[in-house]
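Student: Please take me closely through a single part of this chain, and show how that part sits within the whole.

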Amino acid sequence: MSTIFDQYLQRAGLTVTQYGLLGHLKSFDGIGIGELADKLIMDPTTLTRNLRPLQRQGLVVLAPDPRDRRSRCLHLTARGRAAFDRAVPEWMRAQRHIEKTLGVPNAAALNAALDRMLDLLAKPGG
């Protein structure tokens, strides 16, 4: 599945992981790395490694938290917002390709199963 999304998102210059990170940052502007890692069920070190290319491209910035200068918050830049917006149609094309290949009921069942698995993994001790 990731390969299919990567093939489509490559047209917009992103990987599926980068698309997901930009989408989360669009929704949770100002989130800390630890909190975002928790939401993504990802190790903070892995998240930081995945964020570096986005920072180098000027799509994401890590800025001091105005409430606690020792902490850092992630922000999507205008360039990052534009990159995400350009990638949305490619994401939708990939979705349609998967639905056409698997059939809408099977694609929906797969998504529901994945959501359940992520919920289970997100629980303490999961």
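Tutor: What follows looks closely at one helix, H2, and then at the contacts and salt bridges around it. The model is predicted, so local features are taken only at pLDDT of at least 70 and side-chain atom pairs only at pLDDT 80 or more, while totals for chains, interfaces and linings use all residues. Residues are numbered from 1 along each chain as its sequence is written, and side-chain values use heavy atoms, with hydrogens and water left out.

The setting comes before the helix. The chain has six helices and two strands, these being DSSP runs (H or I of at least four residues for a helix, E of at least two for a strand) numbered from the N terminus. Along the sequence they follow the pattern α-α-α-α-β-β-α-α, and the C-alpha atoms fill a box of roughly 50 × 40 × 20 Å along the principal axes. Of the 126 residues in the chain, 29% are buried, where buried means under 20% relative accessible area, exposed over 50% and partly exposed in between, for a 1.4 Å probe and protein chains only. Among the contacts with a separation of 6 or more, 52% are between residues 24 or more positions apart, a contact being heavy atoms within 4.5 Å.

Helix H2 covers residues 16–27, and its 12 residues reach 17 Å from the first C-alpha to the last, close to the 16 Å expected; that expected span is 1.5 Å times one less than the number of residues. Val-16, Gln-18, Tyr-19, Leu-21, Leu-22, Gly-23 and Leu-25 are the buried residues of H2. Their cover includes helices H1 (2–9), H3 (33–40), H4 (44–56) and H5 (78–102), together with strands E1 (60–65) and E2 (68–76).

In soluble globular proteins, nonpolar side chains tend to be buried together. Here the largest nonpolar core has 27 residues, and those with the most contacts inside it are Leu-22, Leu-25, Leu-51 and Val-60; such a core is a set of buried Ala, Val, Leu, Ile, Met, Phe, Trp, Tyr and Cys residues joined through side-chain atoms within 4.5 Å. H1, H2, H3, H4, E2 and H5 are the elements that give two or more residues to this core. Leu-51 shows how H2 is met from outside: leaving aside residues up to four places away in sequence, Leu-51 touches Leu-21 and Leu-25, and also Ile-33, Val-60 and Leu-74.

H2 also takes part in a salt bridge, defined as a side-chain nitrogen of Lys or Arg within 4 Å of a carboxyl oxygen of Asp or Glu. Lys-26 pairs with Asp-85, the closest N and O atoms being 2.8 Å apart, and the pair links distant parts of the chain, since Lys-26 lies in H2 and Asp-85 in H5, 59 residues apart. Lys-26 is partly exposed at 34% relative accessibility, and Asp-85 is partly exposed too, with a relative accessible area of 39%.

By this rule the count comes to three salt bridges, and Glu-90 of H5 takes part in the bridges described next. Glu-90 bridges Arg-11 with the closest N and O atoms 3.4 Å apart; because Arg-11 lies in the loop between H1 and H2, this pair ties together parts that are 79 residues apart in sequence. Glu-90 is buried at 12% relative accessible area, whereas Arg-11 is exposed at 57%. Glu-90 also bridges Arg-93, with the closest N and O atoms 2.8 Å apart, and these two residues both lie in H5, three residues apart, about one turn of the helix. Arg-93 is partly exposed, at 36%, and Arg-11, Glu-90 and Arg-93 are linked in a network of salt bridges.

The loop between H1 and H2 also holds Gln-10, which is exposed at 62% relative accessibility. The C-alpha atoms of Gln-10 and Ala-87 are separated by 8.8 Å, although their positions lie 77 residues apart along the chain as a separation in sequence.
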